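Let's take a friendly walk through this structure, stopping at a few places along the chain. Keep the viewer open as we go.

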Amino acid sequence: MTTFDGERIYYTNQKFTTDDEFNHESTITDAGKRILKFLKEFNFQDKFIYRDQLKENVANNEYILRVEINDIENQDKELYSFILDHPQDIQETFEDKIKELYSQEKMLNKSDCPDFQLQLISQQNPDLLRNLTAQHIGKLVTIKCIISASKSIKVKAKKILVRCRECQDEQNINLGFGPKPMNLPRYCLGKVQQKGAQTDVQCPTDPYVIIPEECQYIDQQTLRIQELSEAIPTGEVPRNFMVYCDRYLVNKLIPGQRVIITGVYQVPPKGSSTIKSNAIDTELLLPYIHVFGVQTNKINIKQGLSEAQRQEFKQLSRNSDIFKIITNSIAPAIYGHEDIKLAIACLLFGGTSKNLPDSMKLRGDINVLLIGDPSTAKSQLLKFVERASDISVYTSGKGSSAAGLTATITYQHNTSQFTLEAGALVLASGGVCCIDEFDKMRSEDRVAMHEAMEQQTISIAKAGITTRLNAKCSILAAANPIFGRYQENKSIQEQIELQTTILSRFDNIFIIRDVRSMENDQRLANHIISLHTGQFADQEGMQIEQDSHTLDLMKLKQYIKYAKSTVKPLLTEQAAQMIQNLYVDDRQKSQQPHHSKSGGKSHIPITVRQLEAIIRISESLAKMQLQEHVKEDHVKEAHRLFQISTMMAVSLGSKEFGLDLSNDLKQLVTKIEESILRRISIGSKIPATRLIQELSDRFHNQRAVEFAIHNLIQTEQLQQVEMKKMLIRKK
């Protein structure tokens with residue numbers, strides 16, 4: 001800077017430091033001494049936890065140290081309070097003391113030691129995302145959430161070296177950790193410019209340039225987290241936050257993973273207007289969380305139960321009516337459907353997943369499909385399962401696409417990056433995904449579920465991103481017949497708009513019919529009226545009273561979690577032999593031809609998947625009783641459930657119209673088939689209802705007409721399209 005006479009003016013940028021800042025610096029120094037003392041002296045059962053962990057991590061080429069904040073609280077409460085209030089200030093000091101500890105252990109110079117990363121974790125009860133307020137800014141927080149989207153890894157400069165273009169002066173700028181903006185000095189800070197002597201060297205404005213090969217870099221990744229579905233109040237939109245990970249924490253989390261994150265709740269750094277030019281994600285212009293540590297392991301439910309509760313559950317499992325008690329506890333406000341409720345209970349408890357020596361995995365989750373008439377409480381059962389399951393996602397088939405159910409990759413123009421976002425099946429991993437109006441989904445969207453329902457993974461290969469996500473969830477789906485109601489005079493093939501490939505992936509398929517019976521209607525009407533009159537509800541009509549043969553919702557959820565974390569039932573030799581014999585008999589029955597001409601088989605297949613279904617149901621029944629081995633009684637009950645669900649649907653599908661046709665009627669069917677082939681040319685299309693009406697008026701026998709159309713469909717001369725409303729002549 002010069003005067004009007006050309007004389008150079010020298011000035012200093014004075015920073016007036018207050019007593020508080022002096023105290024803060026001394027507090028940081030004191031905290032460093034306390035940290036080193038803690039790392040050296042903390043022990044448990046005569047073992048130095050963190051010194052041993054540091055040696056083990058370095059041996060595995062992991063330069064990290066995982067510290068539990070609760071251990072610091074037990075040894076030094078003042079240091080614990082300071083870390084909670086100033087986590088960002090203490091991070092570099094903590095990592096420097098870890099480096100110093102390692103240099104003392106190995107007797108090396110501190111400059112020769114590698115840099116370490118601090119990972120803080122907390123065993124305290126995590127907070128909810130929606131509870132983060134302005135009071136938490138700059139504080140250490142622990143939250144429980146689910147990863148909903150992830151971005152690719154980027155490189156960030158931790159320390160940069162800048163050099164003056166004119167005088168070659170070099171300056172080191174420490175950017176630290178986190179998405180901080182980078183501001184280069186506007187004027188040269190070299191010794192030549194700081195001296196008062198006159199010199200011909202005149203450094204221009206903005207003289208510094210970055211020397212990339214002399215800079216230090218770290219990896220960073222941006223993720224999006226979402227609050228858990230069970231923590232979202234009714235009618236509220238899920239809260240989302242961006243989180244920032246660096247170094248050894250990158251590439252550790254994938255969408256759909258439920259984690260407990262410990263980090264700093266931060267606002268954008270000063271100078272955020274330069275964030276875009278410094279390649280920092282624009283999402284970090286909003287409040288974000290800088291991650292210090294991540295816990296991905298599931299917490300054992302047994303640690304959260306008292307000894308009295310565990311003894312109560314063990315006594316309950318020994319009750320001879322345990323199946324009835326659990327069945328009555330499933331949606332007690334819904335009348336009847338005992339077998340369906342037992343199948344849903346099996347879905348909630350689940351079977352035993354297995355990892356084979358060749359790395360192949362066998363799923364233990366159970367899938368159930370409900371197909372039936374309207375007003376048969378299908379949606380209410382799905383809603384109850386959503387509340388009863390610890391992890392659950394409810395969606396409707398009409399508003400769900402393949403990307404919404406599995407995963408999608410989106411391109412963000414502001415950052416020129418692709419983001420991987422998880423769908424409903426990924427978010428429900430470890431729980432249940434309830435899909436209502438399953439028949440309203442497009443067929444290409446249902447095909448996307450095939451891999452998730454059997455292999456329990458979702459493979460993505462889009463936009464240069466190839467990855468695989470976990471979708472270890474059970475699926476409870478509800479659908480209506482194609483004509484709205486189940487019609488007795490039509491086969492099940494004509495009433496289910498679902499492919500065989502997806503039907504075989506369901507362990508239980510229930511056909512729910514609204515049977516018109518005076519006695520049954522009277523009992524159902526009495527039950528509904530009693531609910532509305534408050535006889536079985538409280539004054540607000542919100543909760544059904546429980547008797548000695550039912551469990552309330554909270555106790556049912558605790559019992560399910562306790563059973564799933566305690567026992568992993570396996571088959572005994574006697575049970576395995578019984579299942580083998582039953583499967584062979586069922587398969588022979590399902591493959592018996594039911595008509596000499598068409599030789600038609602059921603639309604619902606009996607394959608090896610159904611054998612595994614019986615095994616999974618048997619394991620879930622044993623899990624309800626907290627037993628380690630599957631007994632023959634479990635197999636019998638599982639096979640009974642399979643008989644009244646899937647095998648019943650198979651038998652309905654095998655009731656062909658021509659079993660009792662006379663010879664005269666068979667000749668009439670043959671004439672109708674010939675008339676249909678003359679009426680419809682190859683490749684042309686005609687409405688099914690109009691064709692049936694025309695032929696019925698001509699031959700005066702609608703049953704024979706329907707059977708003739710069915711035969712032509714079986715022989716692939718006709719094909720049903722457009723929700724089976726149209727017929728196309730194929731050959």
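Two residues are in contact here when they have heavy atoms within 4.5 Å of each other. Please keep in mind, too, that this is a predicted model.

With that in hand, start at Q53, which sits in helix 2, spanning residues 49-59. Which residues does Q53 touch, leaving aside those up to four places away in sequence? The partners are L65 and R66. Is Q53 buried or exposed? Its relative accessible area is 16%, and the cut-off for buried is under 20%, so Q53 counts as buried.

Now for some backbone geometry. Most residues other than glycine have a negative phi. A few places in this model go the other way, and they are worth a look. Take N251: its phi is positive, about 60°, although the residue is not a glycine. You will find N251 in the loop that runs between strand 8 (240-246) and strand 9 (258-266). With a relative accessible area of 60%, N251 is exposed.

Further along the chain, H700 also isn't a glycine, and its phi is positive at about 60°. The setting of H700 is a loop between two helices, helix 22 (688-699) and helix 23 (702-714). H700 has a relative accessibility of 68%; exposed means over 50%, so H700 falls in that class.

A positive phi turns up once more at A331, this time near 45°. A331 follows helix 8, so let's step back into that helix, made of residues 322-329. How much of helix 8 is buried? Six of its eight residues are, which leaves the helix mostly covered. The buried residues are I322, F323, I325, I326, T327 and S329.

Our last stop is an enclosed space. How many cavities of 30 Å³ or more does a search of the whole structure find? The search finds one, and the largest cavity holds about 40 Å³ of space. Its lining is made up of S443, R446, V447, H450, Q499, T501 and I502. Helix 13 (443-447) and helix 15 (500-503) each contribute at least two residues to that lining, and helix 13 gives the most, with three. What classes of residue does the lining have? Four are polar, two are nonpolar and one is charged.

Note on methods. Residues numbered from 1 in each chain as written. Predicted model: local features only at pLDDT ≥ 70, side-chain atom pairs only at ≥ 80, totals over all residues. Heavy atoms only, no water. Helix = DSSP H or I, 4+ residues; strand = E, 2+ residues; numbered from the N terminus. Buried < 20%, exposed > 50% of the residue type's maximum accessible area, 1.4 Å probe, protein only. 1 Å grid on protein atoms, 1.4 Å probe; cavity = no way out; pocket = protein on both sides within 12 Å on 5 of 7 lines; lining within 4 Å. Points joined across faces, edges and corners; volume = space filled by probe spheres on them. Nonpolar A, V, L, I, M, F, W, Y, C, P; charged D, E, K, R; others polar.
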